[in-house]
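Please open the model in a viewer and keep the selection tool at hand. The stops below proceed from one selection to the next.

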Amino acid sequence: MILNLFSNLSFYIPEVLVIITMCSLLFIESSYGPAEKERKLVFIAATIGLVLAFVSLMFNLGEESKLIFANAVVIDKFSTLLKMIMVLGTLGVVYLSKSSLDIYRGLKSEFLIMVMGVLVGGMLLASANNLLTVYLGIETLSILSYVLTSFKRHEATSTEAGIKYALYGGISAGVMLFGMSHIYGLLGTIQFAEMLPAFAKVQEAGQQWLMMASFIMFFVGIGYKIACVPFHMWSPDVYQGSPIPVTTFFSIVPKMAGIAVLVRVSLLFFGESQSAVEIGWFGLIQIIAALTMSVGNISAIGQDSMKRLLAYSSIGHVGMMLLGVLTLNTVGPKIIVFYGINYLFMTLVAFYITSAVSDKFGSDSQASFKGLVTKNPFMAILMSISLFSLAGLPPFSGFIAKFNMLAAVVDAKYYGLAFVAAVNSVISLYYYVKVVKVMIFSKAEMEGPIDTFRFSNQALIALCTLPVIILGLFWDKLMLLSEGAKIFIQQ
Amino acid sequence: MSGLLNWVLWFPVIGMIAVLCVPGTKVQTIRYVTLVTTAITFLLTLVLYASFDTEVGGMQPHLSFKMPWISQFHINYSLGIDGISLPMIILTGLLFLICTLSSWTVEKNVKAYFALMLMLQSSVFGVFMALDFFLFYVYWEVMLLPMFFLIGIWGGENREYAAIKFFLYTFFGSIIMLVGIIALYYATGKGEDSFNILALQGGQFTEMTIHLFGTDWSFERLFFWAMFLGFAIKVPVFPFHTWLPHAHVQAPTAVSVILAGVLLKMGTYGFLRIAFPIFPSAAVEYAHVLAILGCISVIYGAFCAMAQNDVKKLIAYSSVSHMGFVMLGMSAMTTQGMNGAVLQMFNHGTSTAMMFLMVGVLYERSHHRWIVKPDGTKGYGGLYTHMPKYSIIFIIGMFASLGLPGLSGFISEALIFLGIFNKFTTITVIAVLGLLVGAAYLLWMFKRMFFGEVSDEVKEYDDMNKREIGYMIPLCVAVIFFGIYPMPVLNIMRASVGELLTLLAKYN
C-alpha cells in the first residue's frame, strides 16, 4: 500500500518540484546575509523550480488521465492546464516582486516561500478528487494567503486587510466544512467518484433539498476563494491593502484553483443527472454569475485606486468565467481554460505597470497615471492595450476570450445571460477607458520621469503583451490546446 | 487581380508603419509620407473602379480574396466588393487624401495623429470589404480605437467627454450585434459558412424560432432588431443620435469629415449588406418602422440644426437629417428608393465633407465657431465681402447639401422621394417638409454668417490659401459633376442594388 502510494508520486512530480523549491528556498534564505546581491540566488532558484514544474506539467499533458493517492487526487488535462496557468502566473509574480518596492522593505525572501506554498495549495485544489483534498487545498491556500496579505506589516491598511481576510476566510471555511460534513452524512462517502451512485439514493429518499442546502454551504467556501458575489466583500480591501505582487497573485492563482473545484464538482454531480437539485444548482450559478459580473463592473466605476479597480474588474472577469460553468456538458472546461490563459497575460501587464507607477509615486491612485504617455509612451500604449483587452475589444486576446465565452453561452441558449454579459462589457469599457483617458489625454500632475521602468521591466512587460496581441489574432492553436481540457470522470 | 483589395486594405498600414519609423521631430516628412500613402491608396481605389464589372450583381469574382483564418470556427479572411461597397471605398480613398491635406496645420503630436489616421483608413476599408462576419466585426470595433484617440487628443475643450460617449455608445450597439453574430453562427449549425455574410443571406432564418423567457420568439425578428441597434447607433437614427453632435463638435476638422463622410455610412452600409439580406422578411415587415424613424430623423435633425448657434453643431445635426433620407430610401425597397439611398450615401459624403472642411478653414482663422456668440454678440458677419473665394466654395457645398437642382444632393433626394412616394405617402409628405426646413436653416445660417456688416474680427481673416483651395476643388468638381451626370455612380451600383431588391421582393 505504502509502496503503491510512493509509486504514485511519479505522476505528482510538478507539485513535488514546487515543494522542493519551497524547501530549498528556505535553506538558501537562511544562509544569505542582508546584502542585496545575494538575493539574486533566491530568484534564480525560484525560477528554476517553477520552470521545471512547468516543463513537467507539459509532459503530464501527454499522459492519460489517472487517479492517484487512493483516489484522492485526479490528474487530467483540465487540471494540468489550469496548473500550467497557475505556475505561469506565479512565475510572473516572482518577477514582479523582484522589482517591486512594495515588498522588500526590511524583509528577505519569505515572500517567495509563501507564494510557493499557496501555489501548492492551488495545484492540489485543481486536482482534488475528494472532499478532504478540497478542504486541505483550500486551507493551504488560505492560511498562507493571510500572511501574504499582511506583508507590509508596518502599514495599517495591510494589517487590516490581513485580519479581514483571515476572519472572512475562517468563517467561510467553517461553513464549508459544515456543508461537507452534511454531504458526508447524507452520502456516506467523501470520494467524489462514490458520491454519484449514493446521490441517487438520497434523491429516492426525497432528501434532495437537504442535499442542496449542504451543497450551497459547500459553495460558500469556493465562492469566497474566487470572490464571487455575495462573497466578494473582502476582495477590494484585501487587494488594496496587499503589496502589488500579492494582489497580482491573488487575482490569478486562487481564482483559477477555485474555478477548477467548482467546475469539477458541478460536472461530477450535476453534469449528467436531470434532477431538481441540478436545476437548482445551475440556477444558482446563473444568478451568481450575473450578479458577480454586474456588481464587479458597476463597483469598479467609481474607484480611484488602480488596485481596487483591478480587483473589481477581476470580480467581473470571474463572473464571465462562471458562465463557462453553465456549459460544462459541451464546451465549458475548454472555454474556461481558454479564458484563463488570456486573462493571465492581460492581468499581468496591467499589474506590472501599476506596480512600477505606484512604486514611483507612492500611490496607485489614478492621479499618478496622469500623462503617462508623455513620460513613457511605450508603457502607456502597452497599458492601453492591456486595458482594452480586458474590456474585450478586438483585435486583442480579451475579445476572443469574451467572444468564445459568449458563444458558449448563446449555444446553451442562455440568451438573457448573454445580454447581461454584453451590457457588462460596455460598463467595463467605461472604467477602463477612463484610465486610458487619464494616461493619454490628461496632463501630468506628478513631476519627473518614471525611473522604476527599468529596461528589463519594460522588456518583460512587452513580452507579456505579445500574447495579448498575437492570441487575439491567431487563436486557433490556443483553442486546440484548450480543446484537450477534458475532465476525467471515473465510471 | 485578387490581390488588389489586399493592397487597398493594407497600404495605409504600410504607410502607418513608415510614419512610425520617421522621427517625431521631422514633421514635414511625416506629412509627406502620409500624403503619398493616401494618394497612392486613392489611386488604387480608382484602379478598383477601372477593373469593376458593372454587369455583375453580386461580389466581383475576379476581385474577391479568401483565406482561412481560424479554421476550427470556419472564420475566413474573406474580402470582396460589389456595387454598394465600391462607391464607399472610393469615397473613403478620396476623403482621406483630402483630410491629409487639410490636416497640414495640425501641430500637436503630428506623428501619432497621422499614424492613427492611416490606421483608421485601413479599418474603414476593412468594414467595407469584409465578407466574413467575424472579420467585419473586428474591423467595426478596431475602427473605434483610432477614432477615440483622435477625438480625445486633438479635439476641442470638451473632447474627453465626447470621445468616451462616442466610444461607449458605439460599443454598446456593436456588442449587441456580436450576440447576434454568435446566434447566427449556431443557427446555421456551425458549418463551413456560418460566418460567411453572403451565405447567410437569402432569408433562411424566416421560419426559425427561439425559446426565450417562456415563449417562442421569431429568430429573424429578434436578431433583426439586434443588428438594427448596432447599425442605427452608427447612422445615427433618431433616438440614437445623441452622441453625434458632441463627437462632431469636439473632433478636429479632418476627423469630423471622416466621421460624417464615411463612418456614418458604415451604419447604412450595414443595413444594406447585413440586416436586410440576412433578415429579409423582418426587414420588409418593419420597413415602416425604419421609414418612420428616418422621417423623424429628417425633421428632428433639421429643426435641431435650425436652433444651433454653433456652426459645426449645425452641420452635425444636418447630417442626422440627411442620413434620415438614406433610411427613408432604404425602407422604400423600390429600385429608385434604394438607388437613391446608396447615391445619397455617396453624395452626402462629398457635400458634408465640404461643409465640415469649410467650417474647419474658418475655425483656423477665428478659433471659434459661433454664428451668434453665447453672450449674444455676432460671431461671424459679412464674410461674403471679405472672403469671396471662401464664400463661393461655401455656397457650392451648401447648395449641394440643401438639394439644389444641378448639384449632387438633389438627384439622390429626388430618387428617394420617387421611390418612397407610392409606399409611404404620408411619411413622404412629412419628410419633404424636412427638405424645406433644411433649406431654411442653411440659408438662414448663410445670411447670418456671410451677409451684413463686416465685423472687426472678420477683417483680420485671410481668404483661402492655395492648399485649401486645392483640396476643396476635387469635392467641388464631384458635387457639380454628379449633380449633372450621376450615371457613373448609378451604373456601378445598379446591378448590386437590383440583386438586393430581388431578394427583398420575395417577401414583399
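Begin by selecting Arg369(B) and Asp310(B) in this predicted model; the two form a salt bridge, with the closest N and O atoms 3.4 Å apart. This pair links distant parts of the chain, 59 residues apart. Arg369(B) is found in the loop between helix 15 (335-366) and helix 16 (383-386) of chain B, whereas Asp310(B) is in the loop between helix 13 (287-306) and helix 14 (311-332) of chain B. Both residues are buried.

Remaining in chain B, select Glu285(B) and Arg221(B), whose side chains meet in a salt bridge at 3.2 Å, N to O. Glu285(B) belongs to helix 12 (residues 280-285) of chain B and Arg221(B) to helix 9 (residues 219-234) of chain B, so this salt bridge ties together parts 64 residues apart in sequence. Glu285(B) is partly exposed, at 34% relative accessible area, and Arg221(B) is likewise partly exposed, at 38%.

Now move to chain A and select Asp237(A) with Arg308(A), a salt bridge whose closest N and O atoms are 2.9 Å apart. Here too the pair links distant parts of the chain: Asp237(A) is in helix 10 (residues 234-241) of chain A and Arg308(A) in helix 14 (residues 306-325) of chain A, 71 residues apart. Asp237(A) counts as partly exposed, with a relative accessibility of 24%, while Arg308(A) is buried at 17%. Add Glu160(A) and Lys164(A) to the selection: together with Asp237(A) and Arg308(A), they are linked in a network of salt bridges. Over all chains, the whole structure contains 13 salt bridges.

The next stop is the nonpolar interior. Which residues have the most contacts inside the largest nonpolar core? Select Ile353(A), Phe388(A), Phe133(B), Phe136(B) and Phe276(B), which hold that place in a core of 400 residues. Helix 15 of chain A gives the most to this core, with 19 residues. Another core, of six residues, lies apart from it and includes Tyr12(A), Ala72(A), Val73(A) and Leu124(A).

Centre the view on Phe276(B) and display its surroundings. Neighbours within four places in sequence aside, the contacts of Phe276(B) include Phe224(B), Phe271(B), Ala283(B) and Leu290(B). Among them are also Met330(B), Met333(B) and Met338(B), together with Leu500(B) and Leu504(B).

Turn next to the cysteines. How many disulfides does the structure hold over all chains? The number is zero. Select Cys304(B), which is in no disulfide; the nearest cysteine sulfur, that of Cys295(B), is 14 Å away. Cys304(B) is buried, with a relative accessible area of 15%. Then select Cys476(B): the closest cysteine sulfur, in Cys99(B), is 15 Å from its own sulfur, which is too far for a bond. Cys476(B) is buried, at 9% relative accessible area.

The final stops concern two serines of chain A. Ser365(A) is in the loop between helix 15 (332-361) and helix 16 (372-375) of chain A. Is Ser365(A) buried or exposed? Ser365(A) is buried, because its relative accessible area is 14%, under the 20% cut-off. Residues up to four places away in sequence aside, Ser365(A) touches Asp304(A) and Ser305(A). Lastly, select Ser31(A) in helix 2 (residues 13-31) of chain A; Ser31(A) counts as exposed, at 59% relative accessibility. Draw a distance from Ser31(A) to Ser428(A): the two are 48 Å apart in space, C-alpha to C-alpha, and 397 residues apart in sequence.

Methods. Residues numbered from 1 in each chain as written. Chains lettered and ligands numbered in written order. Predicted model: local features only at pLDDT ≥ 70, side-chain atom pairs only at ≥ 80, totals over all residues. Heavy atoms only, no water. Helix = DSSP H or I, 4+ residues; strand = E, 2+ residues; numbered from the N terminus. Buried < 20%, exposed > 50% of the residue type's maximum accessible area, 1.4 Å probe, protein only. Contact = heavy atoms within 4.5 Å. Salt bridge = Lys/Arg side-chain N within 4 Å of Asp/Glu carboxyl O. Core = buried A, V, L, I, M, F, W, Y, C linked by side-chain atoms within 4.5 Å. Disulfide = S-S within 2.5 Å.
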